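Me: Please give a close account of how the helices are placed against the sheet in this model, and of the nonpolar core that goes with that arrangement.

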Amino acid sequence: MAELKIGTEYTIKAQVTEPMTARQMGSGQAEVLATPSLLALMEQAAWKSVAPMLEEGQSTVGTFAALKHLAATPLGMQVRVTARLTAVDRRKLSFFIEAFDAAEKVAEAEHERFVIDSAKFMAKAESKKQCE
């Protein structure tokens, strides 16, 4: 694994579409950005921030998220999510993530990911099927 630099950031922008709403996600009835959709965008920004620094065959998986969803973003509006790497402890990566729409800050989160060997990780996950 290449050296991961504290402060590395990645920003993604997404327009809130119907499949991303609370009504469609099953997390409520409102036609606004659902918290699960927001969390998925936050995780995406975090893993993309470090992906170029990983070795071939490595990836990251999310293991923790503490999310504060502060304001609603309506259907059709764009949300901007920025993840910043704040700490590296061997394979554990910590991030601070913020989300904004055109009007205001809509969320912030602390998030942790672990660097994995993709093949080993998937082999272990697939081995669980033997328990069925």
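Reply: Helix 3, residues 118-127, lies across strand 2 and strand 5 in this predicted model, and its direction is at about 90 degrees to strand 5. Helix 2 lies across strand 1, strand 2, strand 3, strand 4 and strand 5, and runs at about 140 degrees to strand 2.

The strands beneath these helices form an open sheet of five, ordered 1-3-4-5-2 and paired antiparallel. Strand 1 and strand 2 (58-69) occupy the edges with a single partner strand each, so one side of each has no neighbour in the sheet. On average, neighbouring strands are turned by 25 degrees against each other, direction ignored. Within the sheet, strand 3 and strand 4 are joined by 10 bridges in the antiparallel sense; V88 stands opposite L93 of strand 4.

The largest nonpolar core has 27 residues, of which M42, V79, V81, F95 and A99 touch the most other members. At least two residues of this core come from each of strand 1 (9-15), helix 2 (35-50), strand 3 (78-89), strand 4 (92-101) and strand 5 (105-117). Helix 2 supplies the largest share, six residues. In soluble globular proteins, nonpolar side chains tend to be buried together.

A99 illustrates how these elements meet. Beyond its neighbours within four places in sequence, A99 is in contact with L38, M42, V79, R80, V81, E104, K105, V106 and A107. Among these partners, M42, V79 and V81 also belong to the core residues that touch the most other members.

Notes: Residues numbered from 1 in each chain as written. Predicted model: local features only at pLDDT ≥ 70, side-chain atom pairs only at ≥ 80, totals over all residues. Heavy atoms only, no water. Core = buried A, V, L, I, M, F, W, Y, C linked by side-chain atoms within 4.5 Å. Buried < 20%, exposed > 50% of the residue type's maximum accessible area, 1.4 Å probe, protein only. Helix = DSSP H or I, 4+ residues; strand = E, 2+ residues; numbered from the N terminus. Contact = heavy atoms within 4.5 Å. Pairing = 2+ DSSP bridges. Axes fitted to C-alpha atoms, helices over the stretch in contact; angles between N-to-C directions.
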